[in-house]
Amino acid sequence: MAQTKEKITREARAVEMFRKGVMVTRTATGYEIPGSNGNVYDITETEDGCLFCTCPDALYRSHQGEMCKHVLLVEMVREFLPIKAPVIDHDIHLKPGRVVV
């Protein structure tokens, strides 16, 4: 019998990115996050704190009200290390169990 591939949720992928220490860079308009295929995605933050990502998953599913793993990762980082203003011009490095700015 053929095995079915277990579906990994976006939330689980975001948690895995957080645990691996994926670099989240603060920009003037939001954040930048490297994608799993070498692309860099922009996450724009609106004045009211909403996040929008440029990755294909977010563009495809945004009308469905779902968040991509990059936005979920930024949500985790913002909860762990709240940054609203001023803009920080250096990288936030996530390490297991700590955040280094």
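These are my notebook entries on a helix, a nonpolar core and one valine in this structure, which is a predicted model.

Entry 1, helix H1. I looked up which residues of H1, the helix that spans residues 10-20, are buried, and I found Arg10, Ala14 and Met17. I then asked how these three sit around the helix, and noted that they lie on the same side of H1, because the arc they cover around the axis is only 60°. Turning to the other side of H1, I found that Arg19 and Lys20 are exposed. When I checked what covers the buried residues of H1, the list included strand E2 (30-34) together with the helices H2 (56-61) and H3 (69-80). Just after H1 I came to glycine 21, whose phi is positive, at about 80°.

Entry 2, the core. I went on to the largest nonpolar core, which has 16 residues, and listed those that touch the most other members: Val24, Ile33, Ile43, Cys53, Leu73 and Val74. I also recorded that E2, E3, strand E4 (51-53) and H3 are the elements that give two or more residues to this core, and that H3 gives the most, with four residues. I added a reminder that in soluble globular proteins nonpolar side chains tend to be buried together.

Entry 3, valine 40. I located valine 40 in strand E3, which covers residues 40-45. Setting aside its neighbours within four places in sequence, I found valine 40 in contact with Glu32, Ile33, Pro34 and Gly35. Finally I compared valine 40 with cysteine 55, which is 15 residues away in sequence, and noted a C-alpha to C-alpha distance of 8.6 Å.

Methods
Residues are numbered from 1 along each chain as its sequence is written. This is a predicted model: local features need pLDDT of at least 70, side-chain atom pairs count only at pLDDT 80 or more; totals for chains, interfaces and linings use all residues. Side-chain values use heavy atoms; hydrogens and water are left out. Contact means heavy atoms within 4.5 Å. Buried means under 20% relative accessible area, exposed over 50%, partly exposed in between (1.4 Å probe, protein chains only). The arc is that of the directions from the helix axis to the C-beta atoms. A nonpolar core is a set of buried Ala, Val, Leu, Ile, Met, Phe, Trp, Tyr and Cys residues joined through side-chain atoms within 4.5 Å.
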